[in-house]
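Q: Could you take me through one part of this fold slowly? I'm new to this, so please explain the terms as you go.

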Amino acid sequence: MLVTGSDILVPARAGKYGVASFNTNNMEITQAIIHTAEKLRSPVMVQMSEGAIKYGGQDLANIVRDLATRASVPVALHLDHGSSYESALNAIRMGFTSIMIDASHHSFEGNVRETRRVVEAAHAMGISVESELGRLGGIEEHIVVDEKDAFLTDPEEAVQFIEQTGTDYLAIAIGTSHGAFKGKGRPYIDHARIEKIASMTGIPLVAHGSSGVPADIIARFRAAGGEIGEAAGIADEDLQKATQHGIAKVNVDTDLRLASTVGIREALAANAKEFDPRKIFGPAREVMSQVIEHKMRVLGSVGKA
(Lines give C-alpha, C1' and ligand atoms only; values in the text may rest on other atoms or scores of the structure.)
Protein backbone atom coordinates (compact mmCIF):
# COMPACT_ATOMS: atom_id res chain seq x y z
CA MET A 1 0.00 0.00 0.00
CA LEU A 2 1.25 3.47 -0.84
CA VAL A 3 1.51 5.59 2.31
CA THR A 4 3.29 8.69 3.59
CA GLY A 5 6.66 8.66 5.28
CA SER A 6 5.12 9.54 8.63
CA ASP A 7 2.80 6.52 8.39
CA ILE A 8 5.94 4.36 8.36
CA LEU A 9 8.39 6.28 10.52
CA VAL A 10 6.28 7.32 13.51
CA PRO A 11 5.61 3.65 14.44
CA ALA A 12 9.29 2.87 13.81
CA ARG A 13 10.46 5.57 16.23
CA ALA A 14 7.96 4.39 18.84
CA GLY A 15 8.87 0.73 18.32
CA LYS A 16 12.63 1.34 18.34
CA TYR A 17 13.34 -0.20 14.96
CA GLY A 18 14.63 1.30 11.74
CA VAL A 19 13.12 1.38 8.26
CA ALA A 20 15.46 1.35 5.29
CA SER A 21 14.96 3.93 2.57
CA PHE A 22 16.58 2.53 -0.56
CA ASN A 23 17.42 4.58 -3.64
CA THR A 24 16.08 3.31 -6.96
CA ASN A 25 17.03 4.09 -10.54
CA ASN A 26 15.19 1.40 -12.52
CA MET A 27 12.56 -1.34 -12.46
CA GLU A 28 14.84 -4.11 -11.21
CA ILE A 29 15.99 -2.12 -8.18
CA THR A 30 12.40 -1.20 -7.37
CA GLN A 31 11.27 -4.81 -7.66
CA ALA A 32 14.09 -6.01 -5.43
CA ILE A 33 13.15 -3.47 -2.76
CA ILE A 34 9.39 -3.94 -2.69
CA HIS A 35 9.28 -7.70 -3.30
CA THR A 36 11.80 -8.29 -0.51
CA ALA A 37 9.78 -6.06 1.80
CA GLU A 38 6.69 -8.15 1.07
CA LYS A 39 8.59 -11.39 1.62
CA LEU A 40 9.79 -10.18 5.03
CA ARG A 41 6.60 -8.29 5.97
CA SER A 42 8.62 -5.11 6.39
CA PRO A 43 7.59 -1.50 5.78
CA VAL A 44 9.97 0.23 3.38
CA MET A 45 10.69 3.55 1.71
CA VAL A 46 11.76 3.81 -1.92
CA GLN A 47 13.54 7.03 -2.71
CA MET A 48 14.46 8.82 -5.90
CA SER A 49 17.14 11.47 -6.02
CA GLU A 50 17.00 14.41 -8.41
CA GLY A 51 19.45 12.42 -10.53
CA ALA A 52 17.04 9.47 -10.62
CA ILE A 53 14.20 11.80 -11.60
CA LYS A 54 16.34 13.19 -14.43
CA TYR A 55 17.18 9.64 -15.52
CA GLY A 56 13.81 7.88 -15.12
CA GLY A 57 11.34 10.75 -14.82
CA GLN A 58 7.64 10.18 -14.37
CA ASP A 59 7.98 6.69 -15.86
CA LEU A 60 10.16 5.54 -12.95
CA ALA A 61 7.95 7.27 -10.38
CA ASN A 62 4.94 5.50 -11.90
CA ILE A 63 6.69 2.12 -11.60
CA VAL A 64 7.33 2.76 -7.90
CA ARG A 65 3.79 4.01 -7.30
CA ASP A 66 2.25 1.03 -9.11
CA LEU A 67 4.31 -1.57 -7.24
CA ALA A 68 3.74 0.27 -3.96
CA THR A 69 -0.03 0.56 -4.47
CA ARG A 70 -0.30 -3.17 -5.14
CA ALA A 71 2.08 -4.16 -2.33
CA SER A 72 0.75 -5.83 0.80
CA VAL A 73 3.10 -3.81 3.03
CA PRO A 74 3.42 -0.03 3.58
CA VAL A 75 5.62 1.68 0.99
CA ALA A 76 6.42 5.38 0.67
CA LEU A 77 7.83 7.12 -2.41
CA HIS A 78 10.39 9.62 -1.12
CA LEU A 79 12.29 12.50 -2.73
CA ASP A 80 15.91 12.19 -1.63
CA HIS A 81 17.86 15.43 -1.18
CA GLY A 82 15.48 17.82 -2.88
CA SER A 83 17.61 20.88 -3.48
CA SER A 84 14.93 23.54 -3.73
CA TYR A 85 11.31 24.51 -3.19
CA GLU A 86 10.75 24.04 -6.93
CA SER A 87 12.19 20.51 -6.78
CA ALA A 88 9.86 19.66 -3.91
CA LEU A 89 6.82 20.97 -5.79
CA ASN A 90 7.81 18.92 -8.84
CA ALA A 91 7.99 15.75 -6.72
CA ILE A 92 4.58 16.51 -5.23
CA ARG A 93 3.16 16.83 -8.75
CA MET A 94 4.80 13.51 -9.67
CA GLY A 95 2.97 11.69 -6.88
CA PHE A 96 5.63 11.39 -4.19
CA THR A 97 4.28 10.75 -0.69
CA SER A 98 7.35 11.94 1.20
CA ILE A 99 9.57 14.92 0.41
CA MET A 100 13.05 15.84 1.56
CA ILE A 101 14.19 19.44 1.35
CA ASP A 102 17.92 19.68 1.95
CA ALA A 103 18.71 23.30 2.74
CA SER A 104 21.50 22.38 5.14
CA HIS A 105 24.02 24.35 3.07
CA HIS A 106 22.20 27.56 4.03
CA SER A 107 22.54 29.39 7.32
CA PHE A 108 20.31 28.16 10.14
CA GLU A 109 17.82 30.94 9.36
CA GLY A 110 17.91 30.17 5.64
CA ASN A 111 17.44 26.47 6.29
CA VAL A 112 14.42 27.22 8.47
CA ARG A 113 12.91 29.53 5.86
CA GLU A 114 13.29 27.10 2.94
CA THR A 115 12.16 24.09 4.96
CA ARG A 116 9.08 25.85 6.26
CA ARG A 117 8.02 26.75 2.69
CA VAL A 118 8.20 23.10 1.66
CA VAL A 119 6.41 21.92 4.81
CA GLU A 120 3.51 24.28 4.16
CA ALA A 121 3.13 23.12 0.55
CA ALA A 122 3.53 19.41 1.30
CA HIS A 123 1.27 19.37 4.36
CA ALA A 124 -1.46 21.06 2.30
CA MET A 125 -1.38 17.95 0.11
CA GLY A 126 -1.17 15.47 3.00
CA ILE A 127 2.50 14.70 2.29
CA SER A 128 5.17 14.40 4.98
CA VAL A 129 8.53 16.17 4.96
CA GLU A 130 12.13 15.36 5.86
CA SER A 131 14.75 18.06 6.35
CA GLU A 132 18.40 18.13 7.33
CA LEU A 133 20.37 19.95 10.01
CA GLY A 134 24.14 19.59 10.08
CA ARG A 135 26.23 18.47 7.11
CA LEU A 136 27.50 15.03 6.16
CA GLY A 137 30.80 14.65 4.39
CA GLY A 138 31.25 12.60 1.23
CA ILE A 139 29.86 12.51 -2.30
CA GLU A 140 26.39 11.61 -3.53
CA GLU A 141 25.42 12.77 -7.02
CA HIS A 142 25.15 16.60 -6.89
CA ILE A 143 26.10 16.68 -3.19
CA VAL A 144 29.80 17.14 -2.56
CA VAL A 145 30.89 18.08 0.96
CA ASP A 146 34.56 18.24 1.95
CA GLU A 147 35.42 16.91 5.40
CA LYS A 148 36.37 20.40 6.53
CA ASP A 149 32.87 21.64 5.65
CA ALA A 150 31.01 18.83 7.43
CA PHE A 151 29.66 19.39 10.93
CA LEU A 152 27.55 17.44 13.37
CA THR A 153 24.05 18.43 14.42
CA ASP A 154 23.69 20.58 17.51
CA PRO A 155 20.91 19.25 19.80
CA GLU A 156 19.70 22.69 20.90
CA GLU A 157 19.48 23.84 17.29
CA ALA A 158 17.58 20.67 16.41
CA VAL A 159 14.86 21.55 18.92
CA GLN A 160 14.57 25.10 17.57
CA PHE A 161 14.59 23.90 13.99
CA ILE A 162 11.77 21.41 14.51
CA GLU A 163 9.66 23.98 16.34
CA GLN A 164 10.18 26.65 13.68
CA THR A 165 9.66 24.47 10.60
CA GLY A 166 7.14 21.79 11.54
CA THR A 167 9.26 19.16 9.75
CA ASP A 168 8.02 15.60 10.22
CA TYR A 169 11.41 13.87 10.45
CA LEU A 170 14.92 15.20 10.68
CA ALA A 171 18.17 13.98 9.14
CA ILE A 172 21.01 14.57 11.58
CA ALA A 173 24.77 14.52 11.08
CA ILE A 174 26.20 11.93 13.49
CA GLY A 175 29.37 10.71 11.79
CA THR A 176 27.99 8.86 8.78
CA SER A 177 28.95 10.02 5.28
CA HIS A 178 27.81 9.53 1.69
CA GLY A 179 29.48 7.11 -0.69
CA ALA A 180 31.57 3.94 -0.41
CA PHE A 181 34.55 5.56 1.28
CA LYS A 182 33.64 6.54 4.84
CA GLY A 183 37.18 6.60 6.20
CA LYS A 184 39.66 3.95 7.26
CA GLY A 185 38.55 1.22 9.62
CA ARG A 186 35.21 1.45 11.38
CA PRO A 187 33.62 4.89 10.99
CA TYR A 188 32.90 6.68 14.27
CA ILE A 189 29.21 7.18 15.07
CA ASP A 190 28.31 9.72 17.76
CA HIS A 191 25.72 7.67 19.67
CA ALA A 192 25.67 10.09 22.59
CA ARG A 193 24.60 12.84 20.19
CA ILE A 194 21.81 10.65 18.79
CA GLU A 195 20.56 9.92 22.31
CA LYS A 196 20.59 13.56 23.31
CA ILE A 197 18.78 14.78 20.21
CA ALA A 198 16.22 11.99 20.54
CA SER A 199 15.61 12.80 24.21
CA MET A 200 14.96 16.45 23.35
CA THR A 201 12.74 15.84 20.31
CA GLY A 202 9.82 13.56 19.60
CA ILE A 203 9.96 13.12 15.85
CA PRO A 204 11.66 10.31 13.88
CA LEU A 205 15.34 10.91 13.19
CA VAL A 206 17.11 10.00 9.95
CA ALA A 207 20.60 8.65 9.27
CA HIS A 208 21.96 9.37 5.80
CA GLY A 209 25.06 7.72 4.34
CA SER A 210 24.33 4.44 6.10
CA SER A 211 25.37 1.81 3.58
CA GLY A 212 27.32 -1.05 5.12
CA VAL A 213 29.55 -1.61 2.06
CA PRO A 214 29.70 -5.37 2.85
CA ALA A 215 33.14 -6.95 2.60
CA ASP A 216 31.78 -9.96 0.68
CA ILE A 217 30.20 -7.71 -1.95
CA ILE A 218 33.45 -5.76 -2.31
CA ALA A 219 35.36 -9.05 -2.69
CA ARG A 220 32.95 -10.27 -5.39
CA PHE A 221 33.14 -6.88 -7.12
CA ARG A 222 36.92 -7.14 -7.35
CA ALA A 223 36.84 -10.82 -8.33
CA ALA A 224 34.54 -9.96 -11.22
CA GLY A 225 36.98 -7.36 -12.53
CA GLY A 226 35.79 -4.26 -10.69
CA GLU A 227 38.21 -1.70 -9.33
CA ILE A 228 37.54 0.04 -6.02
CA GLY A 229 39.67 1.55 -3.28
CA GLU A 230 39.58 0.73 0.41
CA ALA A 231 35.81 1.05 0.78
CA ALA A 232 34.33 1.20 4.27
CA GLY A 233 30.75 1.31 5.51
CA ILE A 234 28.68 1.69 8.67
CA ALA A 235 28.78 -1.32 10.99
CA ASP A 236 25.57 -3.28 11.54
CA GLU A 237 26.00 -2.93 15.30
CA ASP A 238 26.08 0.86 15.02
CA LEU A 239 22.85 0.92 13.03
CA GLN A 240 21.14 -1.40 15.49
CA LYS A 241 22.21 0.77 18.41
CA ALA A 242 21.11 3.95 16.60
CA THR A 243 17.59 2.60 16.06
CA GLN A 244 17.26 2.05 19.81
CA HIS A 245 17.94 5.74 20.37
CA GLY A 246 15.66 7.42 17.84
CA ILE A 247 16.94 6.75 14.30
CA ALA A 248 13.86 5.55 12.42
CA LYS A 249 14.87 6.07 8.77
CA VAL A 250 18.14 4.73 7.39
CA ASN A 251 19.22 5.73 3.88
CA VAL A 252 20.93 3.13 1.70
CA ASP A 253 22.16 3.69 -1.86
CA THR A 254 25.79 2.58 -2.31
CA ASP A 255 25.11 -1.00 -1.19
CA LEU A 256 22.55 -1.53 -3.95
CA ARG A 257 24.77 0.09 -6.58
CA LEU A 258 27.57 -2.29 -5.67
CA ALA A 259 25.26 -5.32 -5.46
CA SER A 260 23.70 -4.56 -8.83
CA THR A 261 27.09 -4.18 -10.49
CA VAL A 262 28.30 -7.43 -8.93
CA GLY A 263 25.34 -9.32 -10.36
CA ILE A 264 25.87 -7.86 -13.82
CA ARG A 265 29.64 -8.41 -13.83
CA GLU A 266 29.31 -12.01 -12.65
CA ALA A 267 26.64 -12.80 -15.23
CA LEU A 268 28.74 -11.44 -18.08
CA ALA A 269 31.91 -13.12 -16.81
CA ALA A 270 30.11 -16.48 -16.64
CA ASN A 271 29.03 -16.29 -20.28
CA ALA A 272 30.83 -13.93 -22.66
CA LYS A 273 28.22 -14.70 -25.34
CA GLU A 274 25.26 -13.61 -23.21
CA PHE A 275 23.19 -10.71 -24.53
CA ASP A 276 19.75 -11.46 -23.09
CA PRO A 277 19.11 -8.54 -20.69
CA ARG A 278 16.90 -10.74 -18.51
CA LYS A 279 19.86 -13.01 -17.82
CA ILE A 280 22.05 -10.02 -17.03
CA PHE A 281 19.75 -7.83 -14.93
CA GLY A 282 17.97 -10.78 -13.29
CA PRO A 283 21.07 -11.85 -11.32
CA ALA A 284 21.64 -8.22 -10.34
CA ARG A 285 18.13 -8.11 -8.89
CA GLU A 286 18.83 -11.27 -6.89
CA VAL A 287 22.06 -9.94 -5.37
CA MET A 288 20.31 -6.70 -4.45
CA SER A 289 17.49 -8.66 -2.81
CA GLN A 290 20.03 -10.44 -0.60
CA VAL A 291 21.58 -7.14 0.48
CA ILE A 292 18.14 -5.63 1.14
CA GLU A 293 17.08 -8.60 3.27
CA HIS A 294 20.23 -8.31 5.37
CA LYS A 295 19.65 -4.60 5.95
CA MET A 296 16.02 -5.11 6.97
CA ARG A 297 17.01 -7.78 9.47
CA VAL A 298 19.74 -5.56 10.91
CA LEU A 299 17.31 -2.66 11.37
CA GLY A 300 14.64 -4.84 12.98
CA SER A 301 11.81 -3.99 10.55
CA VAL A 302 11.08 -7.60 9.61
CA GLY A 303 7.53 -8.55 10.58
CA LYS A 304 6.56 -4.97 11.43
CA ALA A 305 4.17 -4.52 8.47
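In what order do the eight strands close into a barrel, and how does helix H3 sit against strand E2 and helix H4?

A: Quick ground rules: this is a predicted model, where local features need pLDDT of at least 70 and side-chain atom pairs count only at pLDDT 80 or more, while totals for chains, interfaces and linings use all residues. Residues are numbered from 1 along each chain as its sequence is written, and side-chain values use heavy atoms, leaving out hydrogens and water.

Now the barrel: going round, the order is E1-E2-E3-E4-E5-E8-E10-E11, with parallel pairing. (Strands are DSSP runs of E with at least two residues, helices are runs of H or I with at least four, and both are numbered from the N terminus; two strands pair if DSSP finds at least two bridges between them.) Neighbouring strands are turned by 25° against each other on average, ignoring direction. (Angles run from 0 to 180 degrees between N-to-C directions, and axes are lines fitted to C-alpha atoms, for helices over the stretch in contact.)

Zoom in on E1 (residues 19-23) and E2 (residues 44-49), which share three bridges in the parallel sense. There, Phe-22 stands opposite Val-46 in E2.

H3 lies across E2 and E3 (75-82), at about 155° to E2. H3 (residues 50-70) also packs with H4 (residues 85-94) at about 25°, their axes 10 Å apart. The two helices are therefore roughly parallel, a label for angles under 35 degrees. Their contact (heavy atoms within 4.5 Å) involves Glu-50, Ile-53, Gly-57, Gln-58, Ala-61 and Arg-65 of H3, plus Ser-87, Asn-90 and Met-94 of H4.

Definitions and conventions. Angles under 35 degrees count as roughly parallel, over 145 as roughly antiparallel, 65 to 115 as roughly perpendicular and the rest as oblique.
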